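Let's take a walk through this protein together. Have the structure open and turn it as we go.

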Amino acid sequence: MEIRRDPITQSWVVCGQRERLGEAGEQCPLDPGVVENTKAILTWPAEGVWQGRVIPHPEALYRVENDPGRVAEGIYDKMGPLGAHEVVIETREHDKKFSQLSDDEIERVLWVWGLRIADLKKDARFKYVSVFKNQGALAGEEWDHAHSEVTATIFVPRRIKYELASAHEWYKDRERCVFCDIVRQEEKQGKRIVDVQGDYYALCPYASRVPFEVWVMHRRHNHLFEQARPGANRKHLAALLGRVLRRLEKVAPTFHLVVHTSPNTRNKKGELSGYWKTLAEDYHWHIEIMPIVEKPSKSYSIKEVYFNALLPEQAAEQLRATDPNP
Ligand SMILES: [Zn+2]
Ligand SMILES: [Zn+2]
Ligand SMILES: [Zn+2]
């Protein structure tokens, strides 16, 4: 496998067949009794019967042992798939969805996401750590056992690059964080807010790309998901996320969820190398949830412009009216 860069869009594309380690059996590879055969990166609780577990992805897209070997092919750039790819098993129970976990259990998964991001960022070769969750076959879910994935890459994904650049532009003009400005205006207007708990907000973004797109944000500024602000109550975030997903599942049980946090600024030559000084002030972590509710429009399949038939104000209203209880 190799990673190629499109010189025009700067997208990185992982090309080639995934390595298959074993035969896909009948048994779910994330179930107790099976998963214990794989060495865990992390289990919780530390002692006794595990409730959650992080393992290397059995068919990893990125591997730690790979040489980055960035080579030029004429005008093009490519490299080996150096990185890390992990699976967070969110519960030992096969039939339980993430949204059916208790607030405490969800909080623990959020804590594990943060731990893995912080740990992988210690490796200065990794420029970005992504945490994401695909639920439902249409979303590209690999197993129906509740799990999320963590990848560390030696490049920053394109969307994050765009977000960083836009947030930086906004900050340069106004000396304010664009995400903080969004939360403040949404808070005032209320019409796109889905739910609130403590300082955490769930809202349908103004230019939602798909029906029922939801962002979950903290109203207090912080660029690092993995480093909660002093006094930040992640139990509130867990409770809010659980309610939002239970609502969403009534209209869109299939979705992508992704945590957007600051890139790895660690560098052998010193912090922030390659980035501007105000990165910590102008970027702001958030969680994006993109439901898959309709087939892509036939007449308009150019992905860079989205067509969304449902106004975010109506989506938020409908979600607010949906009972978050199972
Ligand atoms: Zn299972
Ligand atoms: Zn902010
Ligand atoms: Zn984002």
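In strand 2, which residue is the bridge partner of R5? It's W12. Keep in mind as you look that this is a predicted model. The R5–W12 bridge belongs to the pairing of strand 1 (residues 2-5) with strand 2, an antiparallel match made over four bridges.

Zoom out a little and those two strands turn out to sit in an open sheet of four, ordered 2-1-6-5 and paired in the antiparallel sense. Strand 2 (12-15) and strand 5 (71-73) are the edge strands, each pairing on one side only. If you look at how neighbouring strands here are set against each other, the average turn is 30°, ignoring direction.

Now for the other sheet. This one is also open, but with ten strands, in the order 3-4-7-9-8-13-14-12-11-10, and the pairing is antiparallel. Strand 3 (42-44) and strand 10 have a single partner strand each, so one side of each is left without a neighbour in the sheet. Neighbouring strands in this ten-stranded sheet are turned by 15° against each other on average, again with direction ignored.

Stay at the strand 10 edge for a moment. Strand 10 (residues 193-197) runs antiparallel to strand 11 (residues 200-203), and four bridges join the two. You can pick out the register from individual residues: D195 stands opposite A202, and V196 has Y201 as its bridge partner. The two strands form a hairpin with two residues between them, and there G198 takes a positive phi, near 55°.

Next, the overall layout. The domain assignment splits the protein into domain 1 (2-153) and domain 2 (158-321). Taken over C-alpha atoms, the centres of the two domains are separated by 21 Å. The contact between them takes 29 residues from domain 1 and 28 residues from domain 2. On the domain 1 side, the elements giving two or more residues are helix 1 (103-120) and strand 8 (128-135). Helix 1 gives the most to that side, with nine residues.

Helix 1 deserves a closer look. Its 18 residues reach 26 Å from the first C-alpha to the last, close to the 26 Å expected at 1.5 Å a residue. Quite a list of its residues is buried, including I106, V109, L110, V112, W113, I117 and L120. The buried list isn't purely nonpolar, though: E107, R108 and R116 are on it too.

Where do the nonpolar residues gather? As a general matter, in soluble globular proteins, nonpolar side chains tend to be buried together. Here, the largest nonpolar core has 68 residues, and V214, V216 and V244 are those with the most contacts inside it. Helix 4 (residues 234-251) supplies the largest share, eight residues. The core also draws at least three residues from each of domain 1 and domain 2.

Try centring the view on V216. Leaving aside neighbours within four places in sequence, V216 is in contact with Y200, A202, L240, L241, V244, H286 and I287. Two of those names take us back to the hairpin: A202 is the residue that D195 stands opposite, and Y200 begins strand 11.

Y200 also leads us to H236, which has its place in helix 4. Not counting residues up to four places away in sequence, H236 touches Q197, G198, D199 and Y200. G198 is the hairpin residue with the positive phi. Is H236 buried or exposed? It falls in between: H236 counts as partly exposed because it has 17 C-beta neighbours inside 10 Å, whereas a buried residue would need 20 or more. H236 also comes within 8.4 Å of D103, C-alpha to C-alpha, with their places 133 residues apart in sequence.

Finish with helix 2 (residues 158-174). Its 17 residues reach 24 Å from first C-alpha to last, close to the 24 Å expected at 1.5 Å a residue. E175 follows this helix, with a positive phi near 55°. R159 has its place in helix 2, and R159 is exposed because just 12 other C-beta atoms lie within 10 Å. R159 also takes us back to where we began: R159 and S11 are 148 residues apart in sequence, but 9.0 Å apart in space, C-alpha to C-alpha.

Notes. Residues are numbered from 1 along each chain as its sequence is written. Chains are lettered from A and ligands numbered from 1 in the order in which they are written. This is a predicted model: local features need pLDDT of at least 70, side-chain atom pairs count only at pLDDT 80 or more; totals for chains, interfaces and linings use all residues. A nonpolar core is a set of buried Ala, Val, Leu, Ile, Met, Phe, Trp, Tyr and Cys residues joined through C-beta atoms within 7 Å. Domain bounds come from an automatic or database domain assignment. Two residues are in contact if their C-beta atoms, placed from the backbone, lie within 7 Å. The expected span of a helix is 1.5 Å times one less than its number of residues. Two strands pair if DSSP finds at least two bridges between them. Axes are lines fitted to C-alpha atoms, for helices over the stretch in contact, and angles run from 0 to 180 degrees between N-to-C directions.
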